[in-house]
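Welcome! Take a moment to look over the model, and then let us walk through it together.

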Amino acid sequence: MSRFVDRVVIHVAAGDGGNGVASVHREKFKPLGGPDGGNGGKGGDVVLIVDSQVHTLLDFHFRPHAAAGNGKGGAGGNRDGANGADLELRVPDGTVVLTPDGEVVADLVGEGTRLIAAQGGRGGLGNAALASKARKAPGFALLGEPGEKHDLVLELKSVADVGLLGFPSAGKSSLISVLSAAKPKIADYPFTTLVPNLGVITAGETVFTMADVPGLIPGASEGKGLGLDFLRHIERCAVLVHVVDCATYEANRDPLSDIDALEEELAKYTPSLADDLAERPRVVVLNKIDIPEARDLADIVKPDIEARGLPVFEVSTASREGLRELTFALGRIVEEYRASRPKQEATRVVLRPTAVDDSGFTVVEDPQTPGGFIVRGERPERWIRQTDFSNDEAVGYLADRLARLGVEDVLVKMGALPGAQVTVGDLVFDWEPSTPAGIAAVAMTGRGTDARLEPHNRVGAAERLAAKKARRLPGVYDEDLEEEE
């Protein structure tokens, strides 16, 4: 079984933020010392980091689920909760992150490159942070936000300067084994190489890497053989090398037809990130010239290949003939390619200030509910997630925030009537207009309550007292009612 994995699907879950706490400071002779509830801690992030010591995605194949730590809840005495621990996942250089739909999220190239794959949730504010002139001792706190959850596809595209292409048993593994310290599997049967092999080669002062891609056959771009799985490994190469077996015994094959067949597959393959592969430099290596018949064939086809404008090198991995010339020629091509590439600039921090006329939310009519409306926006939806709907004061605070943001004004302008169904995020409620501009005129009631949410058909104190007396004196209450009638 191969231990090389170059494509996996992972499920990442960031940590949830800790809840804030509603607490009031109490000590001897100071029974109501003011709010002292601490904030909840932030949830941990899931971070992908490029590590040069990691060469495969095998670990994610066996452990596809990754979750960061949750933030801790706040506590009384102004004690904030601890932040959740970040989860760092080490990936190979050249890893591409995509959505399940195939959209590229990031191309991770270079040691230490980081990507926050899932953002941890914010911690909720405690009542100490929510205190104001209107609410001097809030009886509620904000909930922590849930962390992000994503399904991501990781694809490994080898970061190599030279890519070796050729039919099975063309001698690619033998070539990389004699040019570098790589020790790939070599045998006398097709498809010996099942995974890409990387080797580091030195040519004078130039050091470059070479990738031995598993053998390609006609139809590889359509999934035949092993080609579709490994064509992605040549996308980043500076030069592509056609390794041609001049000693093949197949009657229907010759060096020119082999090159044409592989070029046709490259033309059909459309990489998602790289430039057009047709523009990459090509080099042709006529291999196995230590065999007399192969040397004769190489001498015959060399002029025809050179007529196409392709450099040709006759080599033998057995006798090492022609390898030095090939190595230095590849080194020169790689240096020219590197010099032609734009220099990498330091990452710039781009600030995009909010537009003056950006209210931060939009209100549209609900297409499924006549007279209903949908409110969209980062802040309103976040406020919904932070609200504890079992606490009336917290619900009233949410109403205040939405009113100050201008949601109520927009609803009125759009013709919303009292009782209209309004959807914000996952919450659906019947809208009741309140006093404008932040509810400053609403009197604060008991902790955890809000007068606006109390029912208007409550039984009064006098009625409750009369009912109490009636329970103590059976029949008296009914006689008094009859006399009054």
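A good place to begin is with a stretch to read cautiously: over residues 220-228 the pLDDT, the predictor's confidence in each residue from 0 to 100, stays under 50. The model has 20 contacts for these residues beyond four places in sequence, where contact means heavy atoms within 4.5 Å. This is a predicted model, in which local features need pLDDT of at least 70 and side-chain atom pairs count only at pLDDT 80 or more, while totals for chains, interfaces and linings use all residues. Residues are numbered from 1 along each chain as its sequence is written, and side-chain values use heavy atoms, with hydrogens and water left out.

The protein chain as a whole averages a pLDDT of 79, and 76% of the residues score at least 70. Residues 184-194 have a pLDDT below 50, and this stretch makes 26 contacts beyond near neighbours in sequence. Helices (H or I, at least four residues) and strands (E, at least two) are DSSP runs, numbered from the N terminus. Among these elements, strand E3 (residues 65-67) has the highest mean pLDDT, 95, and helix H12 (residues 476-484) the lowest, 48.

Now turn to the interior. The largest nonpolar core (a set of buried Ala, Val, Leu, Ile, Met, Phe, Trp, Tyr and Cys residues joined through side-chain atoms within 4.5 Å) has 23 residues. Here, buried means under 20% relative accessible area, with a 1.4 Å probe and protein chains only. Val162, Met210, Val283 and Leu330 have the most contacts inside this core. Helix H7 gives the core its largest share, 6 residues. H7 covers residues 323-340, and its buried residues include Leu326, Leu330 and Val334. Leu330 and Val334 are also among the residues that Val162 touches, as are Met210 and Val241.

Helix H5 (residues 255-268) has buried residues of its own, among them Leu256, Ile259, Leu262 and Leu266. What covers the buried residues of H5 includes E9, E12, E13 and helix H6 (292-306).

Finally, look at the open sheet, where 4 strands follow the order E15-E16-E17-E18 with mixed pairing. Two strands pair if DSSP finds at least two bridges between them. Strand E15 (362-365) and strand E18 (427-430) form the edges, each pairing on one side only. E15 meets strand E16 (residues 373-376) in the antiparallel sense over 4 bridges. Within that sheet, valine 363 has valine 375 of E16 as its bridge partner.

Key: Expected span 1.5 Å × (residues − 1). Buried < 20%, exposed > 50% of the residue type's maximum accessible area, 1.4 Å probe, protein only.
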